[in-house]
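Hi everyone, thanks for making room for me today. I'd like to walk you through one structure, a few residues at a time, so please have a look at it first.

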Amino acid sequence: MAFYGIASNLVNYLTTQLHEDTVSSVRNVNNWSGAVWITPILGAYLADSYLGRFWTFTVSSLIYVMGMMLLTMAVSLKTFKPTCSNGICNKASTSQIAFFYLSLYTIAFGSGGTKPNISTFGADQFDDFNPHEKRIKASFFNWWMFSSFLGALIATLGLVYIQENVGWGLGYGIPTFGLVVSLLIFYIGTPMYRHKVSKNKSPARDIIQIPVAAFRNRKLPLPNDLSELHEYEPQHYIDSGKRQVYHTPTFRFLDKAAIKNANTDASSRPPCTVTQVEGTKLVLGMGMIWFVTLIPSTIWAQINTLFVKQGTTLDRSLGPNHFHIPAASLGSFVTLSMLLSVPMYDRYFVPFMRGRTGNPRGITLLQRLGIGFVIQVIAIAIAYAVEVRRMSVIRVHHVSGPKEVVPMSIFWLLPQYTLLGVADVFNAIGLLEFFYDQSPEDMQSLGTTFFTSGIGIGNFLNSFLVTMVDKITGRNGGKSWIGNNLNDCHLDYYYGFLLVISSLNLVAFLWASSKYIYKKESVYVKEGCIDLIEAKAMTTPLGICN
């Protein structure tokens with residue numbers, strides 16, 4: 001709730017309270033959102049290598065609370081706000097802007113340790129060695145995101161209204177108080193939590209060590225029999241409680257890191273194991289999938305930026321009393337569609353598909369992502385069509401002023417918001433589960449940062465695109481596609497551009513998914529050996545395996 005309470009209406013605060021122009025406000029919102037989602041890389045590394053998930057989350061949550069308190073002060077105290085006289089407001093001073101953004105980026109820094117660790121810490125509470133708990137864990141991320149969506153709904157419906165109609169101080173103070181209360185509840189349960197101990201003090205080191213070893217052995221031939229590659233005996237994994245990962249035929253050049261007798265000097269370090277090599281392969285494979293999620297993240301960034309600004313130009317009155325709907329509140333329909341879709345997906349869609357595919361999840365993880373990306377392309381196509389109609393209405397009614405209301409209901413935007421919410425049930429939850437599930441055992445916090453960093457880079461990419469499109473289309477006195485006056489620009493062209501790159505990205509995703517091979521591992525226990533093959537090798541687009 002705290003994050004969405006800020007993000008959903010930040011663009012309006014920047015334009016109406018700090019008096020930033022449209023392009024600058026969109027760019028600053030994207031840069032801040034990008035920082036919120038990119039800093040988890042650092043938090044995940046600290047958790048996996050040094051502090052553990054619980055303590056990384058604990059320290060980071062305190063920083064997060066401090067940032068929320070500073071932000072509440074920044075929007076509440078007159079000292080930190082621009083002064084107004086007779087309806088004319090001065091621009092914010094350098095010190096006021098500095099304090100406001102210091103507060104925002106303190107929150108971004110705190111989120112670096114909370115976002116990658118709280119969801120993985122929750123997943124750690126389920127025992128993979130217990131068949132019942134492992135089955136329940138398959139639904140964990142669905143309901144984890146459901147609770148997040150519930151907080152987002154409160155933010156986009158309640159907090160946005162309070163911010164615009166009661167006061168920004170109260171609008172930010174409520175989520176600050178809620179954050180403190182939720183953390184107290186979390187820490188009350190501390191004695192009952194399971195803490196997963198990392199079995200590798202530097203799990204990220206293999207990512208560098210494996211390619212270096214493979215390059216060092218580049219002139220050595222690979223054995224025809226893969227069993228000749230270096231691997232510990234099963235007893236080693238039984239004693240250590242670690243999971244053995246089976247060999248896969250991808251990135252074969254890395255297999256040279258596991259060639260036996262590659263070191264003639266007895267004092268040299270032993271060759272890497274197949275399990276270590278496969279961990280690096282997993283990271284490379286996830287990187288390939290991560291790359292084709294950047295454009296979908298860019299589309300998602302429109303919800304809190306251009307979609308909101310687009311909504312401010314439309315007729316927002318509702319009912320005979322002409323209740324004025326805050327433009328940012330339309331984002332609640334993204335959340336509502338998510339909240340309705342998650343139970344339907346988990347309780348009906350998954351069992352229905354499970355009976356036909358035999359897959360415990362109903363469909364494969366990449367199939368889930370693919371469906372979400374298709375829905376997202378449809379959503380941006382509808383956004384383009386709606387904007388074309390808005391421009392048509394503007395021409396018919398000769399609307400030209402930046403504050404003139406276009407005689408077209410804001411509810412025309414509902415389909416694009418709703419479809420993006422449904423798409424997120426497939427791709428946002430699917431991505432979080434995919435990167436957690438496919439990560440090497442000791443890198444699952446770092447693995448989930450593929451999810452958060454993708455959103456972060458998507459926001460930065462949107463910031464870059466908005467800035468460059470504005471500069472290129474507005475040069476030499478031309479009409480910018482994204483100007484301060486959305487009633488006299490070509491936002492429809494920009495949406496058309498997003499539709500084209502989204503469609504091309506969908507093709508790239510289909511190709512990448514056809515090349516991806518799922519992790520295959522065994523879990524050994526003291527009483528014996530239980531083989532758990534996590535998924536079949538993926539040999540066709542979207543993992544449709546026979």
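Let me start with a question: is leucine 42 buried, partly exposed or exposed? Keep your guess in mind for a moment. One caution before we go on is that what you see is a predicted model.

Now, the answer. Leucine 42 has a relative accessible area of 46%, so this residue counts as partly exposed. You will find leucine 42 in helix H4, which covers residues 40-51. Leucine 42 also has company at the surface: together with Tyr45, Leu46, Tyr50, Leu51, Trp55 and Phe109, this leucine forms a nonpolar patch. The accessible area of the patch adds up to about 740 Å². Helix H4 supplies the largest share of the patch, namely five residues.

Let's move on to charges. As a reminder, side chains of opposite charge can pair when their charged atoms come close. Over the whole structure, the search turns up ten salt bridges. I picked three of them for you.

The one I like to show is in helix H16, which spans residues 365-397. There, glutamate 387 and arginine 390 form a salt bridge, and their closest N and O atoms are 2.9 Å apart. Why do these two sit about one helical turn from each other? Because they are three residues apart in helix H16. And how covered are the partners? Glutamate 387 has 0% relative accessibility, so this residue counts as buried. Arginine 390, at 1%, counts as buried too.

Elsewhere, salt bridges with shared partners link Arg252, Asp255, Glu278 and Lys281 into one network. One of the links is the pair of arginine 252 and aspartate 255, whose side chains meet at 2.8 Å, N to O. Here the two ends have unlike surroundings: arginine 252 is partly exposed, at a relative accessible area of 35%, whereas aspartate 255 is buried, at 1%.

My third pick joins arginine 347 to aspartate 346, with 3.4 Å from N to O. Arginine 347 is exposed, with a relative accessible area of 53%. Aspartate 346 is buried, at 7%.

Let me go back to helix H16 for a moment, since leucine 366 lies there as well. Leucine 366 counts as buried because its relative accessibility is 0%. How far apart are leucine 366 and serine 514 in sequence, and how far in space? In sequence, 148 residues separate them, yet in space their C-alpha atoms are 9.5 Å apart.

If you follow the chain on from H16 towards strand E7, you come to histidine 398, in the loop between the two. Most residues other than glycine have a negative phi. Histidine 398 has a positive phi instead, near 55 degrees. At 66% relative accessibility, histidine 398 counts as exposed. Another histidine with a positive phi is histidine 19, where the angle is near 60 degrees. Histidine 19 sits in the loop between helix H2 (10-16) and helix H3 (22-38), and with a relative accessible area of 24% this histidine is partly exposed.

Now to strand E7 itself, residues 406-409. Which of its side chains are buried? Val406 and Met408 are, and they point to one face. Pro407 and Ser409 point to the other face and are not buried, so the side chains alternate along the strand. Strand E7 runs parallel to strand E4, residues 314-315, and two bridges join them. For aspartate 315, the bridge partner in E7 is serine 409.

One last stop: threonine 176, in helix H9, residues 168-188. Threonine 176 is buried, since its relative accessibility is 8%. What does its side chain touch through a polar contact? The side chain of threonine 72, at 3.2 Å. Setting aside neighbours within four places in sequence, threonine 176 is in contact with Met68, Met69 and Thr72.

That's my tour. To close, let me return to where we began: leucine 42 is partly exposed and belongs to the nonpolar patch at the surface. Thanks for listening, and I'm happy to take your questions.

Note on methods: Residues are numbered from 1 along each chain as its sequence is written. This is a predicted model: local features need pLDDT of at least 70, side-chain atom pairs count only at pLDDT 80 or more; totals for chains, interfaces and linings use all residues. Side-chain values use heavy atoms; hydrogens and water are left out. Buried means under 20% relative accessible area, exposed over 50%, partly exposed in between (1.4 Å probe, protein chains only). Helices (H or I, at least four residues) and strands (E, at least two) are DSSP runs, numbered from the N terminus. Two strands pair if DSSP finds at least two bridges between them. Patches are made of residues with over 30% relative accessible area and no salt bridge: like charges are joined within 9 Å, nonpolar side chains (Val, Leu, Ile, Met, Phe, Trp, Tyr) within 5 Å. Accessible areas come from the Shrake-Rupley method with a 1.4 Å probe; for residues, only the protein chains shown count as cover. A salt bridge is a side-chain nitrogen of Lys or Arg within 4 Å of a carboxyl oxygen of Asp or Glu. A polar contact is a pair of N or O atoms within 3.5 Å; within protein, one must be able to donate a hydrogen and the other to accept it, and residues adjacent in sequence count only if both atoms are side-chain atoms. Contact means heavy atoms within 4.5 Å.
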